[in-house]
Amino acid sequence: MNIMNYPLIAGCFLISATVLLSACQVTNSTEKSSNTVSEQKNVNNSLKFAHTLKGRSDGKGYDLVFVADGFTQDEMVYFHEAVNNYRTFSEQYENVFAGQQNAWNIHLIQIPSNESGVDEPKSGILKDTTFDSSFECEWVDRIICVNQEKVLDVVSEHFPQYDTILVLANSTRNGGASLGNNIITSSMNRNLNNTIIHELGHGLANLGDEYTYGGVNLPATEPSQPNLTLNNDADSVKWRHWLEDENAWAINIFEGGNYLPSGVWRPTENSVMRTLGQPFEAVNLEAWSLALYEHSGTYYQALPATGSVKQAGDEQQFEIELALGTDLQNIEWRVNDVVVQASLPNLLTVNDQKQSYVVQASIVDSSQVIRKDSRHVSQDTLTWWVSLD
Ligand SMILES: [Zn+2]
């Protein structure tokens with residue numbers, strides 16, 4: 001299915017998103033007073049309903065927070081099931097994603113709503129839900145707004161490290177939006193998982209929409225997105241390092257993108273940024289992987305901390321907690337500039353030194369999906385200067 005026919009694209013337009021934001025706030029402020037009592041009750045109860053499903057909660061890695069709205073206590077199992085489905089789905093979307101899972105954290109806010117469902121004002125359906133989800137926002141049937149202030153209040157209280165908030169509204173009717181403030185809404189429709197991946201393409205990797213519907217004006221300057229360009233010259237196009245790669249046969253310069261049929265170019269005929277459910281393709285996957293490193297770093301922790309180390313005893317261990325892990329990252333260890341074999345890829349034990357020595361660990365990405373890393377976000381060299389007691 002082409003994304004141009006898909007309801008959620010409204011949120012992809014920056015202009016609509018801005019308009020949407022204010023429209024939603026107006027809508028919600030009128031509903032707010034009637035919900036005050038239940039809101040207070042729910043927020044007070046929320047502590048036990050905030051829960052980390054996967055990963056860590058110390059702010060390292062990319063933090064997705066799923067927020068339930070319009071689910072009663074009895075229905076919360078469906079919310080949980082949807083998040084678990086997304087988790088499995090996202091781990092398998094691209095081969096390389098399995099090895100990137102260590103950098104993803106999933107948190108849940110599951111405050112039961114007083115009533116089940118989502119507001120549908122045109123039909124006179126108004127539900128008392130925790131975050132006031134409503135279809136028909138900004139007079140577009142499929143756009144789902146929420147009370148963003150409430151969402152941000154609750155999420156910030158429990159998961160201040162959030163990167164993207166996904167409000168799942170309890171309806172199977174098609175809809176959703178990207179509201180700004182890192183908030184994405186969606187109903188429980190059949191494209192939910194694909195939509196989340198597409199939206200994270202925007203949110204994490206700064207990828208642009210590659211479809212050709214709805215645009216009016218050419219961008220005034222070269223787009224910042226790695227997958228869109230005004231320059232169709234093969235010698236200087238921003239993804240030219242892929243054009244030289246004979247294995248990347250799908251990469252070329254295709255006209256159309258950024259909602260315009262001409263004047264803007266994209267790297268592949270089709271991709272996840274053009275049609276829901278499609279593969280990322282090389283240029284987008286590289287951008288995604290670089291962005292993940294940029295966000296998480298190459299490692300979370302080194303033990304001991306890098307710098308000066310005093311070795312007590314006969315041996316010293318050096319350990320690195322990698323951001324992604326050894327499936328996608330290699331470490332080359334050196335002692336006094338000589339490459340040495342580590343006991344485990346991320347663990348070196350040194351026990352044969354008679355005087356001060358230097359240990360270095362060079363971390364590189366081994367995923368094969370990154371060909372050009374101008375800002376060196378996928379590599380690091382750690383150094384310890386060790387003196388003996
Ligand atoms: Zn989009």
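This report describes the confidence, the sheets, one helix contact and two backbone features of a predicted protein model.

**Confidence**

The mean pLDDT of the protein chain is 89, and 88% of the residues reach at least 70. Residues 1–47 have a pLDDT under 50 throughout. For this stretch the model has 76 contacts beyond four places in sequence.

**The two open sheets**

One open sheet is built from six strands, arranged in the order 1-3-2-4-6-5 with mixed pairing. Its edges are formed by strand 1 (50–54) and strand 5 (176–180), each of which pairs on one side only. Between neighbouring strands of this sheet the average turn is 20°, direction ignored. At one edge, strand 5 runs antiparallel to strand 6 (residues 183–187), and four bridges join the two. Within this pairing, serine 178 has isoleucine 184 of strand 6 as its bridge partner.

Another open sheet contains five strands in the order 10-16-15-12-13, and its pairing is also mixed. Strand 10 (307–311) and strand 13 (338–340) are the edge strands here, each pairing on one side only. From one strand to the next, the twist averages 30°. Strand 10 pairs with strand 16 (residues 380–388) in the parallel sense, over five bridges. Lysine 310 lies opposite serine 387, a residue of strand 16.

The following table sets out the two strand pairs just described.

| Strand pair | Sense | Bridges | Residue pair |
|---|---|---|---|
| Strand 5 and strand 6 | antiparallel | four bridges | serine 178 and isoleucine 184 |
| Strand 10 and strand 16 | parallel | five bridges | lysine 310 and serine 387 |

In general, the strands of a sheet pair through backbone hydrogen bonds, in either a parallel or an antiparallel sense.

**The contact of helix 3 with helix 5**

Helix 3 (residues 76–92) and helix 5 (residues 192–203) have axes that come within 10 Å and cross at roughly 60°. Angles from 65 to 115 degrees would count as roughly perpendicular and those under 35 as roughly parallel; helix 3 and helix 5 are therefore oblique to each other. Their crossing is right-handed. On the side of helix 3, the residues in contact are Ala82, Asn85, Tyr86, Phe89 and Ser90, which meet Leu192, Asn193, Ile196 and Ile197 of helix 5. By class, this contact comprises six nonpolar and three polar residues, with no charged residue.

**Backbone features in loops**

Two loops carry backbone features of note. The peptide bond that leads from leucine 303 to proline 304 is cis, with omega near -5°. Proline 304 is located in the loop between strand 9 (299–303) and strand 10, and strand 10 is an edge strand of the five-stranded sheet. The other feature concerns glutamate 138, which has a positive phi of about 55° although this residue is not a glycine. Glutamate 138 belongs to the loop between strand 3 (104–109) and helix 4 (148–158). Strand 3 stands between strand 1 and strand 2 in the order of the six-stranded sheet.

Conventions
Residues numbered from 1 in each chain as written. Predicted model: local features only at pLDDT ≥ 70, side-chain atom pairs only at ≥ 80, totals over all residues. Axes fitted to C-alpha atoms, helices over the stretch in contact; angles between N-to-C directions. Parallel < 35°, antiparallel > 145°, perpendicular 65-115°, else oblique. Left-handed = near helix turned anticlockwise from the far one by under 90°. Contact = placed C-beta atoms within 7 Å. Nonpolar A, V, L, I, M, F, W, Y, C, P; charged D, E, K, R; others polar. pLDDT = per-residue confidence, 0-100. Pairing = 2+ DSSP bridges.
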